[in-house]
Amino acid sequence: MKIQKLTPEISLHIPPQMWKQFRQSIIKSRTMNEEVIGFFFCKRQQISKNKIRYIPKAWVVPLPDCYEGQSASGLVLTQKFHWYLLKNYLSKGLHVVHIHTHAGDMSPDFSCVDDRYESEYSRFIASSFPKKPRLISGVFDESLQQSQFRIWDRKGESYQSIKCHQSWLELSENRELLNNPNLPNNIELMFVRQKIFGNTCQKQLNELKVTLIGCGGIGSIFAELLGRLGVKNWVLIDPDRLETVNLNRMPGATQEMADQRWYKVDYVKYLIKKIYQTGSCVKAIPTSIEHELAQQEIASSDLIVVATDNHLSRQVAQELALEYMRPLVCLGTHIDVNKSDNTPRMYCRVTVPPLGGGWCLMCGNIINLQRAALESAPVEINQIAASAGYLEGINDPSVFWLNSICASTGVGIIHGMVSGFLNLDAGIDWIYEFPGSIWHKTNIEHLETPDCYFCSSALFG
């Protein structure tokens, strides 16, 4: 019996801010109704055996003086400029997305000229560079509203149509949960009062796969709130078990659970399963974020949320978000005492770094790298550091209501991200201060660090 080889699912994902800048440059470079070329240079990401994603790391829109000829029926770049582009980016192991426009507002299609040129082009780049890059081509109408994309094989003999998503939360239409005929009707009735946000928003929430790192006081509240908003596809990562000291700030947790030493991931899974008796998918992984299994799940998630009480896990979460080009939401609280009048001061912080780079948790000093390094040190060194005062506040005081403010704000931001009513392209960093009841919004321009070791080096990572 002949075994049929499965064709991998391939997609192109362009960060929203990158696409906005690219589109503006395309429009500015056009005069009259001439065709225009643009390039994305992408990193290939193998999500699973049969799922591949291409993520742009850089883009280029040539200026008019870079063309030998440019008209409504065709265009040609100067050979010198074109070779410079390819040599500069493809030698780094990136793949090329070649985009051009067609005049008019009709649904665009590839012409026979496109077929012939791209076939030769795909053979040329595969034979000219040692890492044998692939060619993805895209054609847009004049208004850049309609498009088609395809990826060529390296021999230039065949191509496969692919989808291009200009949003990180443009989710697959074939998720198992959506096609499950056993879903009860009351699942839809549950969200009837959320119709104001639109059916598309609710559908995307239902499809969204969220990895939650840290299932303690903030993470557990966050999971319940986002679950009741419509998210039912989860990966939960936390190595810790429930203790009596946790019970004042974890909804639904009981002394019996603490006595039985439930893993926190199993407890949060229990919370979600109480919302969705059928139709949810929750993977509970009682291990640290450094574990290979945890990182495999993160790679296939749509969104990463970190709600831990240590700097090392946040650092690793940020590094993985950069590596896999995933949105990252960081949640945290802090309570200390004002020495001048001996009254408590309370803070919560919600941070979402920009998807396309610019700043991250490390370059914005939102993570203390010294503490992260000490937290990863052997036990003996860790104890020395603690006694010397370098690890004070490991068991920070915590209260349910402050955790709730932090968790609900994070859920609100994700709701805004999915529905589109909140612009996160440049990232956000919000800090709530009590008893003043003041929200501080960090000027993110001060967080941008072009030479950050983590997010700038990720450009061609």
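This tour goes through the chain by selection, from the whole model to two sheets and a cavity.

**Whole chain**

Start with everything shown. The model is predicted. The chain carries 13 helices and 17 strands. Colour by burial next: of the 461 residues in the chain, 50% are buried. For contacts between residues at least 6 apart in sequence, 68% join residues at least 24 apart.

**The barrel**

Select strands S1, S3, S2, S6, S7, S8 and S9. In that order they make a closed barrel of seven strands, and the pairing is mixed. On average, neighbouring strands of this sheet are turned by 30° against each other, direction ignored.

Now narrow the selection to residues 9-13 and 159-165. These are strand S1 and strand S9, which pair in the parallel sense over three bridges. Label Leu 12 in this view; Cys 164 in S9 stands opposite.

Add residues 112-128, which form helix H3. Helix H3 packs on the sheet and touches S2 (37-48), S6 (95-101), S7 (135-140) and S8 (147-152). The direction of H3 makes about 40° with that of S8.

**The open sheet**

Hide the barrel and select S10 to S17. Here eight strands form an open sheet with mixed pairing, in the order S12-S11-S10-S13-S14-S15-S16-S17. Pick out strand S12 (281-285) and strand S17 (438-441) at the edges: each has a single partner strand, so one side of each is left without a neighbour in the sheet. From one strand to the next, the twist averages 15°.

Select residues 209-213 and 233-237 for the pair S10 and S11, which runs in the parallel sense over five bridges. Label Ile 213 and, in S11, its bridge partner Ile 237. Then add helix H8, residues 264-275, which packs on the sheet and touches S11 and S12. The direction of H8 makes about 170° with that of S12.

**The cavity**

Where next? A search of the whole structure finds one cavity of 30 Å³ or more. The space in the largest cavity is about 90 Å³.

To show its lining, select Gln 318, Ala 321, Leu 322, Met 325, Arg 326, Pro 327, Leu 328, Pro 353, Pro 354, Leu 355, Trp 359 and Cys 360. Which helix gives the most to this lining? Helix H10, residues 311-324, does so with three residues. Colour the selection by class to finish: the lining of the largest cavity has ten nonpolar residues, one polar and one charged.

Technical notes
Residues are numbered from 1 along each chain as its sequence is written. This is a predicted model: local features need pLDDT of at least 70, side-chain atom pairs count only at pLDDT 80 or more; totals for chains, interfaces and linings use all residues. Side-chain values use heavy atoms; hydrogens and water are left out. Two strands pair if DSSP finds at least two bridges between them. Helices (H or I, at least four residues) and strands (E, at least two) are DSSP runs, numbered from the N terminus. Axes are lines fitted to C-alpha atoms, for helices over the stretch in contact, and angles run from 0 to 180 degrees between N-to-C directions. Contact means heavy atoms within 4.5 Å. On a 1 Å grid over the protein atoms alone, a cavity is a set of points where a 1.4 Å probe fits but cannot get out, and a pocket is an open set with protein on both sides within 12 Å along at least five of seven lines; lining residues have an atom within 4 Å of a point. Grid points are joined across faces, edges and corners, and a volume is the space filled by probe spheres set on the points. Ala, Val, Leu, Ile, Met, Phe, Trp, Tyr, Cys and Pro count as nonpolar, Asp, Glu, Lys and Arg as charged, and the others, Gly among them, as polar. Buried means under 20% relative accessible area, exposed over 50%, partly exposed in between (1.4 Å probe, protein chains only).
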